[in-house]
Amino acid sequence: MSLDILTFGCRLNTYESEVMRREAGEELSDAIIVNTCAVTAEAVRQARQAIRKARRENPGRRIVVTGCAAQTDPEMFAEMAEVDLVLGNAEKTERSAWARVARSPMDLPPLEKIVVSDIMAIRETAPQFVDAFEGRTRAFVQVQNGCDHRCTFCIIPYGRGNSRSVAMGPVVEEVRRLVAAGYPEIVLTGVDLTSWGADLPGAPRLGRLVRTILRHVPELARLRLSSIDSIEADPDLMRAIAEEERLMPHLHLSLQAGDDMILKRMKRRHLRDDAIRFCEEARRLRPDIVFGADLIAGFPTETEEMFQNSLRLIEDCGLTFLHVFPFSPRKGTPAARMPMLERQEIKERARRLREAGEVAERRFLESELGHERRVLVEKEGSARTEQFAPVRLGSAGTAGDILNVRIAGIEAGMLQGQQLAEAA
């Protein structure tokens with residue numbers, strides 16, 4: 001008897017899956033939870049495909065669907081014969097909800113399968129304490145949930161609700177507990193991470209949280225941020241980038257496009273030059289910093305000239321690791337009502353962005369040759385640098401070790417590291 005969780009999407013979902021493993025595991029056994037993502041139509045398709053496969057392979061087990069796609073379109077999942085229950089994002093981390101699931105029969109009609117509340121009515125995010133992350137050497141800490149912004153392409157606020165923050169004290173305590181449990185690296189995560197604190201007394205900013213964690217948990221070896229919105233980066237965060245060696249020199253930026261007109265139609269809050277200036281300033285403060293970025297290909301009304309501006313942004317910002325999304329209309333968003341490009345053109349532009357990203361990543365990996373780096377061993381024979389570049393180790397190392405290595409080569413998109421010192 002076991003509880004299996006299939007997780008799609010972001011790091012916050014990964015975190016919440018671990019919360020569910022604890023809360024649901026106390027109430028359910030021999031069940032499968034599918035934690036869905038709603039960012040793209042492809043993510044929803046993959047979740048539905050996984051549900052069908054899970055039912056074929058596990059005909060007698062209970063299947064519960066939750067996550068953002070379940071929150072935004074619960075009826076679609078409830079109508080699937082393979083699904084026993086649909087649980088909302090607000091309910092999925094509550095033990096009482098899982099107790100209700102455990103008591104529910106497995107042959108409910110579609111409307112009775114749905115246990116989804118109004119996510120917009122939620123005003124607070126309670127701290128969720130997770131003591132272990134299965135199979136990982138880094139731990140995620142949820143500090144924020146939801147989003148107050150309404151980008152025209154994005155369905156996520158309707159799956160996550162408005163922005164709400166976890167208070168600083170519980171965050172510090174959770175980091176301290178996870179470090180004591182043996183995790184050398186902590187990743188702060190949220191839906192709109194740089195909005196952290198706006199709803200707390202005194203409206204503290206993310207930079208203050210980062211510096212407080214590093215000050216009060218001196219035994220923490222590495223602190224990493226998940227995706228941030230560069231236009232919201234506060235002065236304390238910039239100082240932390242410059243001064244705190246334990247804050248990893250790797251930022252993933254929510255950029256989405258490199259053309260001002262498209263950015264306006266997306267209802268983003270930055271322009272092209274804002275992104276370039278941020279990267280230049282961060283690199284001035286921390287010369288070894290690298291940037292990843294989310295970019296959308298083929299947004300409605302995007303001309304070839306507009307697309308070229310996004311393509312050039314890779315060079316102008318010095319981006320290294322790209323997440324490229326072909327535009328996917330999400331029902332209920334303003335962008336879904338805008339004039340669409342041909343699907344083939346969207347796919348072709350996504351391919352060109354990915355190719356440019358591969359060139360930039362390869363150039364970065366080549367620039368690492370000969371450098372000494374401190375790497376975190378993830379599993380036998382493989383590790384990550386502080387810049388999150390993958391490293392193949394000549395010696396095995398033990399998961400969780402931090403090693404000093406010299407970068408001696410590149411093979412199959414991975415740096416090759418030679419150990420220089422014992423584990424730190």
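This dialogue walks through some features of a predicted model.

Reader: Where do I start? How many helices and strands does the protein chain have?

Author: Start with the count. The protein chain holds 13 helices and 18 strands. Then look at the overall extent. Along its principal axes, the C-alpha trace spans about 60 × 50 × 50 Å.

Reader: How compact is the protein chain?

Author: Use the radius of gyration. Here the radius is 22 Å, close to the 22 Å that the globule rule gives for 424 residues, so the chain is as compact as a globular protein of that length. Burial adds to the picture. Of the 424 residues, 56% count as buried.

Reader: What share of contacts join residues at least 24 apart in sequence?

Author: Take contacts between residues at least 6 apart in sequence. Of these, 73% join residues at least 24 apart.

Reader: Now the strands. How do strands of a sheet pair?

Author: The general idea comes first. Strands pair through backbone hydrogen bonds, in either a parallel or an antiparallel way. Now the case here. Five strands make an open sheet in the order β1-β2-β3-β4-β5, and the pairing is parallel. Its edges are β1 and β5 (114-115); each has a single partner strand, so one side of each is left without a neighbour in the sheet.

Reader: What packs on this sheet?

Author: Helix α1 does, and it touches β1, β2 and β3. The direction of α1 makes about 165° with that of β1. Helix α2 (residues 41-57) also lies across β1, β2 and β3. It runs at about 165° to β3.

Reader: Let me zoom in. How many bridges join β1 to β2?

Author: Five bridges do that job, between β1 (residues 3-7) and β2 (residues 31-36). The two strands run parallel. For one facing pair, find Leu-6, which stands opposite Val-34 in β2. Now follow the chain between the strands. From β1 the chain passes through helix α1 (residues 11-25) to β2. This β-α-β crossover is left-handed.

Reader: How do I read a helix? Which residues of α5 are buried?

Author: Begin with the helix turn. An α-helix has 3.6 residues a turn, so residues three or four places apart point the same way. In α5 (residues 95-103), the buried residues are Ala-97, Trp-98, Ala-99 and Val-101. Their cover includes α1, β2, β3 (62-67) and β4 (85-87).

Reader: Is Lys-92 buried or exposed?

Author: Check its relative accessible area against the cut-off: under 20% is buried. Lys-92 has 0%, so it is buried. Its place is in the loop between β4 and α5.

Reader: Which side chains make polar contacts with the side chain of Lys-92?

Author: One is the side chain of Glu-16, at 2.9 Å. Another is the side chain of Asn-35, also at 2.9 Å. Beyond residues up to four places away in sequence, Lys-92 touches several others, among them Asn-13, Met-20, Thr-66, Trp-98 and Arg-160.

Reader: Where is Trp-196 placed?

Author: Look in the loop between β9 (185-189) and α8 (206-216). Trp-196 is buried, with a relative accessible area of 0%. Now list its neighbours. Leaving out residues up to four places away in sequence, Trp-196 touches residues including Gln-144, Met-168, Pro-204 and Leu-209. Compare sequence with space, too. Trp-196 and Ser-165 are 31 residues apart in sequence, yet 5.5 Å apart in space, C-alpha to C-alpha.

Reader: What does the side chain of Trp-196 reach at 2.9 Å?

Author: The backbone oxygen of Val-166. The backbone oxygen of Val-143 lies 3.4 Å from a polar atom of the same Trp-196 side chain.

Reader: Last topic: phi. What should I look for?

Author: Most residues other than glycine have a negative phi. Look for positive values elsewhere. Ala-203 is not a glycine, yet has a positive phi of about 50°. This alanine lies in the loop between β9 and α8. Ala-203 counts as partly exposed, at 40% relative accessibility.

Reader: What phi does Phe-388 have?

Author: A positive one, about 75°, although Phe-388 is not a glycine. Phe-388 lies in the loop between β15 (382-385) and β16 (390-393). With a relative accessible area of 16%, Phe-388 is buried.

Terms used:
Residues numbered from 1 in each chain as written. Predicted model: local features only at pLDDT ≥ 70, side-chain atom pairs only at ≥ 80, totals over all residues. Heavy atoms only, no water. Pairing = 2+ DSSP bridges. Helix = DSSP H or I, 4+ residues; strand = E, 2+ residues; numbered from the N terminus. Right-handed = clockwise from strand over helix to strand, strands pointing away. Buried < 20%, exposed > 50% of the residue type's maximum accessible area, 1.4 Å probe, protein only. Contact = heavy atoms within 4.5 Å. Polar contact = N/O pair within 3.5 Å; in protein donor to acceptor, adjacent residues only side chain to side chain. Axes fitted to C-alpha atoms, helices over the stretch in contact; angles between N-to-C directions. Rg over C-alpha atoms; globule rule 2.2 N^0.38 Å.
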